[in-house]
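Me: I have a structure open and would like to learn how to read its features one by one. Could you walk me through them, starting with a helix?

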Amino acid sequence: MGLFNFVKEAGEKLWDSVTGGDDQNKKLQDHINKLGLPDSDKVKVDVQGDTVTVSGDGISQELKEKILVAAGNVAGITKVEDKVTASDTAPEATFYTVKKGDTLSAISKEVYGNPNEYNKIFEANKPMLTHPDKIYPGQVLRIPH
């Protein structure tokens, strides 16, 4: 549990400006649910300004991390507060913010020492990533161990 930082201008555009409220909570919840992540309906999102609080329990550590990343990779969101209790004791992944010129191979070489491990990062970020070449500066990715 904790607070995760994201790049405000990067990410999926769900609204013109972030003000919070029921409409933005619903739009963000719908966005997460549309990703098709199993059990994503077990979490609740609350948008307050540029911060999203995600709460819930009974989901895996991996799913929790994917939901946190999906919530944070929305334009206008700068912080995601994690109030989700994972149902397993899997090790926490680390997070990486994509820089200009990055590729999954370059990130893989930096974090694993081997550029050919890029598919591990790609798989860990599905369905938010649809293709290994479609990443953008400011996007936050899960980096599994």
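Reply: Gladly. In helix α3, which spans residues 104-112, L104, I107 and S108 are buried. Buried means under 20% relative accessible area, exposed means over 50%, and partly exposed is in between, with a 1.4 Å probe and protein chains only. Helices (H or I, at least four residues) and strands (E, at least two) are DSSP runs, numbered from the N terminus. This is a predicted model, in which local features need pLDDT of at least 70 and side-chain atom pairs count only at pLDDT 80 or more, while totals for chains, interfaces and linings use all residues. Residues are numbered from 1 along each chain as its sequence is written, and side-chain values use heavy atoms, with hydrogens and water left out.

Me: Why do the buried residues of α3 line one face of the helix?

Reply: The general idea first: an α-helix has 3.6 residues a turn, so residues three or four places apart point the same way. In this case, looking down the axis of α3, the buried residues fall within an arc of 100°, so they line one face. The arc is that of the directions from the helix axis to the C-beta atoms.

Me: Which residues are exposed on the other side of α3, and what do its buried residues pack against?

Reply: K109 and E110 are exposed on that other side. The buried residues of α3 pack against β5 (94-97), α4 (118-124) and β6 (140-143). Contact here means heavy atoms within 4.5 Å. Look also just after α3, where G113 takes a positive phi of about 85°.

Me: Which residue other than glycine has a positive phi?

Reply: Try D39, whose phi is near 65°. D39 sits in the loop between α1 and β2 and is partly exposed, at 37% relative accessible area.

Me: S40 lies in that loop too. Is S40 buried or exposed?

Reply: S40 counts as buried, at 4% relative accessibility. Its loop runs between α1 (22-34) and β2 (43-48). Not counting residues up to four places away in sequence, S40 touches Q29, I32, N33, L63 and I67. For a distance across the model, take S40 and P144: they are 104 residues apart in sequence and 20 Å apart in space, C-alpha to C-alpha.

Me: What should I look at within α1 itself?

Reply: Try two of its residues, N25 and D23. N25 counts as buried at 13% relative accessibility, whereas D23 counts as partly exposed at 49%. Leaving aside neighbours within four places in sequence, N25 is in contact with V45, D46 and V47. The C-alpha atoms of N25 and V47 are separated by 5.6 Å, with their positions 22 residues apart along the chain. For D23 and S55, 32 residues apart along the chain, the C-alpha separation is 18 Å.

Me: Where is there a cis peptide bond?

Reply: Go to the bond from K126 to P127, which is cis with omega near 5°. K126 lies in the loop between α4 and β6, and P127 is found in that loop as well. K126 counts as partly exposed, at 32% relative accessibility. Leaving aside neighbours within four places in sequence, K126 is in contact with L37 and K66. The C-alpha atoms of K126 and L35 are separated by 8.8 Å, although these residues are 91 apart along the chain.

Me: Now the whole chain. How many helices and strands are there, and what pattern do they follow?

Reply: There are four helices and six strands. Along the sequence they read β-α-β-β-α-β-β-α-α-β. The radius of gyration is 15 Å, close to the 15 Å that the globule rule gives for 145 residues, so the protein is as compact as a globular protein of that length. That radius is taken over C-alpha atoms, and the rule is 2.2 Å times the number of residues to the power 0.38. Along the principal axes, the C-alpha atoms fill a box of roughly 45 × 35 × 25 Å.

Me: What share of the residues is buried, and what share of contacts joins residues at least 24 apart?

Reply: Buried residues make up 43% of the 145 residues. Among contacts between residues at least 6 apart in sequence, 68% join residues at least 24 apart.
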